[in-house]
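Visitor: I would like a close look at one part of this structure. Please take me through its paired aromatic rings.

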Number of protein chains: 2
Amino acid sequence: MASILIVGAGAVGALFGSALARQGAQVSVVCRSDYDVVSREGYDIISPLLGNHRFYPHEVFREVAECRTPPDFLLLTVKVLQGVDRAALIRPAIGPRTVIVLIQNGVDIEAEIAAAFPDNEILSGLALVGVGRSAPGMVNHQTMGQLHLGRYPEGHSEASERLAAMFNAGGIGCKLTDNVVTARWQKAVWNATFNTVSVTGGMLDTAVMLGTPESTAFIQQAMEEVCAVAAAAGHPMHPKLIGQLIGTTKSMPPYHTSMALDYKYGRPMEIEAILGNTVRAARKHGVSTPILDTLYALTKMIEQRIAAT
Amino acid sequence: MASILIVGAGAVGALFGSALARQGAQVSVVCRSDYDVVSREGYDIISPLLGNHRFYPHEVFREVAECRTPPDFLLLTVKVLQGVDRAALIRPAIGPRTVIVLIQNGVDIEAEIAAAFPDNEILSGLALVGVGRSAPGMVNHQTMGQLHLGRYPEGHSEASERLAAMFNAGGIGCKLTDNVVTARWQKAVWNATFNTVSVTGGMLDTAVMLGTPESTAFIQQAMEEVCAVAAAAGHPMHPKLIGQLIGTTKSMPPYHTSMALDYKYGRPMEIEAILGNTVRAARKHGVSTPILDTLYALTKMIEQRIAAT
């Protein structure tokens, strides 16, 4: 039976942890802010996909260091934020055979962890899930619920197959990919543009961002910059990707991006993981990205303003 | 005695009108929103420069068409907004010898009026004044109070000298310039950047916009784009202008731009006059302005969102 530790067990971590626990894994969580409720009552999960249920972790820790036995898999589900040393955060629970699983947003988020733990296997995952925390210990799963998972930097492994099988058995559709870095760039084409434009526009929903031919052309140009960076980094995107992303977004009811919601509710925004790493990759590979540079400068100023108030 | 009609007599128009009236001009106003109060009680003006006083216009009109005698000078002080036909607005009061005086923000705002009134002299003015309307008919003059005035498209004239003398006699320092279009571009270097960045950042004050080396470098790059457009349009800026503008802005207490305040209070923003005309001039002259294009796309989306709510 696999032992799993989830670090940063917010909404995504709790939902995914409960799926793994349902098929028998021993799932413990590190949960700081909701510790009191979760250690007493577990998680109350509302989910159309997994059914409404209560999830009692094997153990609930306040700190990573309280976990004395290194887990088989450590799932890191915290946000990737400037000033948060993720390697230092997880180090106390990492054993020689612990597989580190990054279920986080952004591009180029693995290198720092790979450098810190050169002997550990690293899996990288992209969650496609609409889930939120409605109160301490309460998880409200609204829509979707898939995971794209791959070995970092590429390929697959016994561990990736094992974890994918556990997710699938537990009800979370997990698609294995041999090129998870390419998958991250694909996701960044949407994320780096819509997320940051929604914020620099002060809470724009997708309908406004695609509301006029001019705004759609602008979004498209920004996406082309991301594609140029991805190609220069060795991950060329399909020529039809941008058209597909815009078409799909237009066909859905208007909605607010995760970064816009973070902005609205005063939560930290994943600017560095989603956009900062993209513009740094552009500099590294000599790609000109004036639109992304502008969006980056503006979102960083917004962050400064929030920090100052 | 000169007859003067002020169209759009908000805070700037009332303050400047009162200065002209103090030295004997016959100053009438077209004042729609505050008509009731102003026609009954005039304007209540609080001003450290002109002193606190009450300004009773010669006549107060609701509509331009009510002014039956064409004035010697028609001062247009409304905002330059998309969808507002300024030529149609003032046409009913323009006589063959009426001098049209545009005291408005932005670049390239004169051509439309010059085309509509090819036989009238046009003066163009830039107000440097901090003044607001605190209640109907109440004008609160906080700081500065100068006017840069010139004949359009260039040079000077008997009319420009006459009007400047009246302003100076009335207490508003009026500086005549032979190159008012160049002066507009100079002002746009600051306005097109700080105004639009303050809005796309959701109410950033000048201190945040110049808060880090990165943000300052970004502002500088945006200003360089405006300078490149100005140069291509035949109005090269002094090489030290950007450094001076940034230095001066840094040395002042943090403040909010006029566009940020318009945004905050839900008032129309002068995006087209300040930034739209700049990017259109860039296209016309083949200048690449990716930062300004991005700021323009974002501010237009913000405007769309406001219009939709």
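Guide: Here is a short walk through the stacked ring pairs. This is a predicted model, where local features need pLDDT of at least 70, side-chain atom pairs count only at pLDDT 80 or more, and totals for chains, interfaces and linings use all residues. Residues are numbered from 1 along each chain as its sequence is written, chains are lettered from A and ligands numbered from 1 in the order in which they are written, and side-chain values use heavy atoms, with hydrogens and water left out.

A pair of aromatic rings is described by the distance of the centres and the angle of the planes. Rings of Phe, Tyr and Trp (its six-membered ring) pair if their centres lie within 6.5 Å; planes under 30 degrees apart count as stacked, over 60 as edge-to-face and the rest as tilted. Over all chains, the structure holds eight aromatic pairs. One of them joins Trp190(A) and Phe194(A): the ring centres are 4.5 Å apart and the planes are at 20°, so this pair is stacked.

Both residues sit in helix α6 (residues 180–200) of chain A. A helix here is a DSSP run (H or I, at least four residues), numbered from the N terminus. Trp190(A) and Phe194(A) are four residues apart, about one turn of the helix. Trp190(A) is buried (under 20% relative accessible area, 1.4 Å probe, protein chains only), because its value is 14%. Phe194(A) is buried too, at 0%. Ring pairs also link Tyr255(A) with Trp190(A) and Phe194(A) into a cluster.

Now chain B. Trp190(B) and Phe194(B) both lie in its helix α6 (residues 180–200). Trp190(B) is buried at 13%, and Phe194(B) is buried at 0%.

Technical notes
Helices (H or I, at least four residues) and strands (E, at least two) are DSSP runs, numbered from the N terminus. Buried means under 20% relative accessible area, exposed over 50%, partly exposed in between (1.4 Å probe, protein chains only).
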